[in-house]
Structures are given as structure tokens and as C-alpha cells.
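Q: I would like a close look at a single part of this model. Please start there and then work outwards to the rest of the chain.

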Amino acid sequence: MRELPDVAAAFGRRVLIVTGRDRLRHAGLIAMLEGKGLICTLFQVAGEPSIELVRDGAALMRSASAESVISIGGGSAIDAGKAIAAIAANPGDVLDYIEVIGRALPFEKTPLPFVAVPTTAGTGSEVTRNAVLGSKEHGVKASLRSASMLARVAIVDPDLTLGMPAAVTASTGLDALTQLIEPFVSIRANPLTDALCRDALPKIARALPRAWENGDNGEARAAMSYSSLLSGLALANAGLGVVHGFAAAIGGMFDAPHGCICAAILPHGIAANLRALRQRAPESAALERYHEAARLTTGESRASAEDLVRWVASLTQHLRIPGLSAWGIAAGDIAPIVERAARASSMKANPLPLTDSELGETVRNAL
Ligand SMILES: [Zn+2]
């Protein structure tokens, strides 16, 4: 982490620091920056970022004349900072540029320099070119997306994740696992992302339960940070699938953490894809991919795709991931969730289109 002050100074003296809820946790890092002569303006992100929050952050950035943004925190702080750096540089409103619910116009100006310092091992947002924002008005999450939004520098230091509570280790870690399975079976999978997923899947499978059981296990934390980083590279280059399609819908409608939604849906999303592939696309390469993912995660050379479903289900149970009903989601919510999920951008990379009844059954099973 010693690199951060020099990295930050390269982008100008005035910097907007975006942190999560507990900014005192990063007082040492911020003191290091101020010691280097940087003028820091702090902006806290209490939950997952919204369009309104990004407007506020961009206004603060302009009034402070900040020249760059550094996010120190989990995926929420990183996505918020990424979006603020882009919106502060541009003349339009967030709704001019956001996809699905806005006009999806290209940015007129290059976003201001953005530096990502993740303190969780989950979203991989430090290497993705989109920022996911919630919209209360639309009841859905959608992305600002541009290659120019990529962080100029990402400092991935597993030591920063040592203090993460077990429940956050579980939900963010299962998000990373989802982000390694979905790109691996995606219709946009390619040799580069395949290599990333093949390397990270066995590592995350071993490390996640260990990091959850003992948060001070440096080796497990390092493997989690590495796997999360690779998951971000994989999703940015191959897309996601049904689980993240649901996460976009549910995350916009309910106050439930992204990782918890992904974790609750993951085994059921895989099972739904397997059934649909066997019925309608038995020749699809995705079936063999699911078998391979089963072998990579379980370490069993004869594991089948069904073993992957069982392994994921028992892992989520072991890590005490609650069903979706824990977040107030009930059977009556299924229809609007399915309607929104079907339109989500992640759904387009799913190995095959799922019917509304298959999608509905998937959510019902995850309640
Ligand atoms: Zn995710």
C-alpha cells in the first residue's frame, strides 16, 4: 500500500476519496496521502450506489476542484468512485449516459483519473469498465459503461481484506465465485477468459471456506483477492448470465446486498440452465463447461454438472447464506422480478435464453 501516495500524486494535488460506511478504517491511508501534500475531500458511500448518490458525489468533486478520484472500499465504493469520476467530467446527467433506464449516450469527455483500492474480495470492480447504480425511481439497477471508465491504477492488497467480517467474506466471495462460473459458460466466453476462470476456480473453491472460518488466514485472503481480480477481468471480457440478471432486478427493488442475492440464486440458476440446455440445446458447449467447472471446484475428476449444483448449494449453506425471503422477497414479487431480470444486460450472455416460467421457478427455488 506504500505505492498509493505516489500513484495518487501523479494525477494532481486535489483528490476526492470515496470510502465505505466506516471511513475511520482508512484513516491511516488517508493520513499517508495528506502527508504527501495531497488535499483530500472525503465522500462516504453508506450502501450500494444510486444515481442520486453519484450526482451528489460529482457535485462535491466539482466544488472541491478535485482532479482525480480514489476509492478505498468494497464494490460499492469502487463503483461509486468510478461513476463520479465520469459524471464530474461530463456536462450531462447520469440518466443521459446510463444504459437500460437512460439514454445510453457515449461520454463526451474522458472521465477524470480513477484509482481503485479494494478492501473486499468479491466484485472485481477494480478492473471492470462499468459502474452499477440503483435507481429508486425505476426500481432496477443499471450500468454506466465505457472503456474510458477503467481505473488508471488498481492496488490489490489482500492485507486490506483481513478485517472483513465473516458474513461479508461469504457474500462477496460467493459473488466472485459467480463471476467465475458465469463467464466460463457465457456465450461470449473466449480463450483469455477461459484461462482466467480455469486458474481461479480451484483456488477460490479452496480459499473461500478458509477465509470465512479464519479471517486472519493471509494465504486464503491472498487467494480470494487474486480470484476476485480474475473474476472482474473475466466478466468484463465475457459477460455474465442469469444469476447477475436477477441481481440487477432484485438489487434495484430490494435492499439486499449484491453478493447475498448472487449467492442465494447461484445453485438454482445453474440448475435452471442445465435443465434448459438438456431440453433445448443438448449440443451446447456450455454443458461441458459446467462439467469442467464441477471438476475444477470439487477437485473430483469424475464430477458432473449436477455435482457443481450440489457443491455450490452446500457451500452457500455452510457459509450461512439466507434465502431471498430473508430480504423481504415473497412469492408475489416473482412476476415483477422476472420481467425486470429478462431485460437486464447480464441476461444476454447466458448460455441460452430462459423462458419466463423457467426464470420464475428459479426465483421461487431461491426464496
Ligand atoms: Zn457480481
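Leaving aside neighbours within four places in sequence, which residues is Asp194 in contact with?

A: Leaving aside neighbours within four places in sequence, Asp194 is in contact with Phe184, Ala189 and Arg289. Contact here means heavy atoms within 4.5 Å. Asp194 lies in helix 7, residues 191-213. Helices are DSSP runs of H or I with at least four residues, strands are runs of E with at least two, and both are numbered from the N terminus. Asp194 counts as buried, at 7% relative accessibility. The cut-offs are under 20% relative accessible area for buried, over 50% for exposed, and partly exposed in between, with a 1.4 Å probe and protein chains only.

A word on the basis. This is a predicted model, in which local features need pLDDT of at least 70, side-chain atom pairs count only at pLDDT 80 or more, and totals for chains, interfaces and linings use all residues. Residues are numbered from 1 along each chain as its sequence is written, and side-chain values use heavy atoms, with hydrogens and water left out.

Next, the loop between helix 7 and helix 8 (218-238). Gly215 sits in this loop. Gly215 is partly exposed, at 21% relative accessibility. Not counting residues up to four places away in sequence, Gly215 touches Leu162 and Arg221. The C-alpha atoms of Gly215 and Thr161 are 8.5 Å apart, with the two positions 54 residues apart in sequence numbering.

Now the sheet. Five strands form an open sheet in the order 2-1-3-4-7, with parallel pairing. Strand 2 and strand 7 (153-154) stand at the edges with a single partner strand each, so one side of each has no neighbour in the sheet. Two strands count as paired if DSSP finds at least two bridges between them. Strand 3 (residues 68-73) and strand 4 (residues 114-118) pair in the parallel sense over five bridges. Val69 stands opposite Phe114 in strand 4.

Val45 follows in the loop between strand 2 (39-44) and helix 3 (51-63). Val45 is buried, with a relative accessible area of 3%. Leaving aside neighbours within four places in sequence, the contacts of Val45 include Val18, Thr19, Gly20 and Arg21. Leu53, Ser76, Ala77 and Ala80 are also among them. Thr110 is 65 residues from Val45 along the chain, and their C-alpha atoms are separated by 24 Å.

Then the hairpin. Strand 5 (residues 130-135) and strand 6 (residues 140-145) pair in the antiparallel sense over six bridges. Ala131 has Leu144 of strand 6 as its bridge partner. Four residues lie between the strands, and Gly139 in this hairpin takes a positive phi near 65 degrees. Strand 5 is mostly covered, with five of its six residues buried.

Last, the whole chain. It holds 14 helices and seven strands. Buried residues make up 59% of the 367 residues. The radius of gyration, taken over C-alpha atoms, is compared with a globule rule of 2.2 Å times the number of residues to the power 0.38. The chain has 20 Å, which agrees with the value near 21 Å for a compact globule of 367 residues. The C-alpha atoms fill a box of roughly 60 × 45 × 40 Å along the principal axes. Of the contacts between residues at least 6 apart in sequence, 78% join residues at least 24 apart.
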